[in-house]
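Colleague: Can you walk me through this one? I have a few short questions.

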Amino acid sequence: MAGVTVETVRATAYRRRRAEALLLGLTVLISCFGYVYTGLATTGSVPGGLPGFAGSMVCLALVPHLAVRRWAPYADPLILPLAVLLSAFGLVLLYRLDPAYRARYHAESTASGQLMWTVIGVGLCVLVVAVLRDHRRLQRYIYLTMAVALVLLMAPAFFPGDTYGAKRWIFIGPLSFQPGEFVKTMIAVFFAGYLVIHRDALALTGRRVLGVRLPPGRQLGPILTVWVLSLLVLVLERDLGTSLIFFGLFVVMLYAATERTSWVVCGVLMAVVGAGVVGSLEPHVKGRVDAWLHPFGAFEPGSTFSPQAAQALFGFGSGGVTGAGLGRGHPELIGFAGRSDFILTTVGEDLGMAGTMFVLVLYALLAQRGLSTALRSADPFGKLLSMGLAAALALQVFVVAGGVMGLIPLTGKALPFLAKSGSSLVANWLMVALLIRISDNAGKESGPGS
């Protein structure tokens with residue numbers, strides 16, 4: 001930024017933060033409107049908790065904005081508003097679902113707990129932005145990060161599984177959390193640091209066969225290791241979603257670092273072979289695949305399949321283009337899953353295809369801002385880390401949305417920011433903090449107008 005006046009630098013930071021403030025104000029208005037509309041649709045009156053909800057939304061938007069204004073003035077102005085809007089929309093959906101679940105299943109409220117985890121996630125985001133002044137410090141600890149990630153990744157295998165057999169949780173007394181949600185960020189940090197060091201060896205060596213340069217045998221070690229680990233997660237923990245995200249993230253980052261299609265070819269072939277073998281032998285995974293292939297078989301006499309996949313398709317179908325209206329559908333018929341990975345069916349039934357596309361576009365915009373940050377970043381580590389975080393978000397959305405819509409087998413992963421899950425919410429706000437920090441450094445390096 002040599003030759004740029006102080007006034008120009010301050011003007012650029014001011015424009016970005018002003019745009020962010022306006023978008024956050026719009027986000028607060030949209031979330032409050034959704035809260036009021038839900039109350040009117042379900043009870044016929046304005047919810048009594050509107051002042052508290054509105055105050056919470058203002059704080060959740062204002063506090064991180066002030067932190068970014070103070071410690072990351074050059075950060076991308078869209079990342080924070082998109083994250084706040086998705087979190088706020090998730091809260092509105094849970095406030096909409098709570099009365100229906102309480103009336104049908106006598107279930108406890110989840111919206112207040114989700115609000116608490118949102119506050120914790122935003123607080124962690126503010127802390128990271130304030131303390132981590134340079135994301136390149138993370139590069140010093142990539143092997144320690146990977147060691148911790150592997151311990152967390154394998155730890156659920158030693159704890160009981162959830163209701164449907166997958167082992168995703170670690171239980172410590174009355175507390176529990178899903179380490180896989182944090183592992184995806186830690187693995188992205190390790191891959192970014194590792195590939196910066198070894199990208200030349202991975203990109204420039206190997207034999208050419210049928211026009212495709214195959215990776216050398218010595219360099220196949222990392223991808224074979226990750227492949228074995230993903231299979232172990234799939235077999236020991238029966239967690240299809242984490243396995244897909246873990247392996248897919250590595251292949252995507254390998255391709256971004258080396259620009260070699262051979263890595264993608266090898267990755268896809270290994271994923272297909274591994275998933276095919278495990279899906280044929282492991283009963284839980286095989287059951288998921290069978291339920292995906294025959295979603296309406298759950299209604300046949302003597303079937304052991306869960307009807308949730310078919311009910312989700314019914315919900316999307318009944319929503320049509322514009323939906324029944326927020327609060328007027330019946331997503332609670334899916335059971336408890338309506339407030340986890342199946343929360344997307346609430347959007348599909350109440351707001352239709354238009355609402356579903358709106359949510360998916362928000363995710364696409366957040367991932368795009370991560371990719372834009374990667375393109376503007378001058379340092380290789382920040383470039384790969386930003387791209388990896390964006391890819392991890394996109395992969396998780398694809399895995400969850402694809403499963404709910406019947407495109408792939410169900411995985412049980414939480415839909416980022418929307419679904420009821422404290423671990424997922426906090427981990428995704430950690431990802432937002434890292435993207436804000438990398439985009440701030442990229443803005444400083446590329447100068448005003450970038």
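Modeller: We can go through a helix, a cavity and a serine, keeping in mind that this is a predicted model.

Colleague: How many residues does helix H8 have, and how far does it reach?

Modeller: H8 covers residues 240-258, which makes 19 residues. From the first C-alpha to the last it reaches 27 Å, close to the 27 Å expected at 1.5 Å a residue.

Colleague: Is H8 mostly covered or mostly exposed?

Modeller: Mostly covered, with 15 of its 19 residues buried.

Colleague: What does Glu259 do just after H8?

Modeller: Glu259 takes a positive phi of about 60°.

Colleague: Now cavities. How many of 30 Å³ or more are there?

Modeller: The structure holds 4 of them. The second largest has a volume of about 80 Å³.

Colleague: Which elements give two or more residues to the lining of that second largest cavity?

Modeller: Helix H6 (179-204) and H8. Among the lining residues are Val183, Ile187, Ile245, Phe246 and Lys413.

Colleague: And what is the lining like by class?

Modeller: It has 6 nonpolar, 2 polar and 2 charged residues.

Colleague: Different topic: where is Ser31?

Modeller: Ser31 sits in helix H1, residues 6-43.

Colleague: Why is Ser31 called buried?

Modeller: Because its relative accessible area is 4%, and buried means under 20%.

Colleague: What does Ser31 touch, leaving out residues up to four places away in sequence?

Modeller: Phe53, Met57, Ala88 and Val92.

Colleague: And which backbone oxygen lies 2.8 Å from a polar atom of the Ser31 side chain?

Modeller: That of Val28.

How values were computed
Residues are numbered from 1 along each chain as its sequence is written. This is a predicted model: local features need pLDDT of at least 70, side-chain atom pairs count only at pLDDT 80 or more; totals for chains, interfaces and linings use all residues. Side-chain values use heavy atoms; hydrogens and water are left out. Helices (H or I, at least four residues) and strands (E, at least two) are DSSP runs, numbered from the N terminus. The expected span of a helix is 1.5 Å times one less than its number of residues. Buried means under 20% relative accessible area, exposed over 50%, partly exposed in between (1.4 Å probe, protein chains only). A polar contact is a pair of N or O atoms within 3.5 Å; within protein, one must be able to donate a hydrogen and the other to accept it, and residues adjacent in sequence count only if both atoms are side-chain atoms. Contact means heavy atoms within 4.5 Å. On a 1 Å grid over the protein atoms alone, a cavity is a set of points where a 1.4 Å probe fits but cannot get out, and a pocket is an open set with protein on both sides within 12 Å along at least five of seven lines; lining residues have an atom within 4 Å of a point. Grid points are joined across faces, edges and corners, and a volume is the space filled by probe spheres set on the points. Ala, Val, Leu, Ile, Met, Phe, Trp, Tyr, Cys and Pro count as nonpolar, Asp, Glu, Lys and Arg as charged, and the others, Gly among them, as polar.
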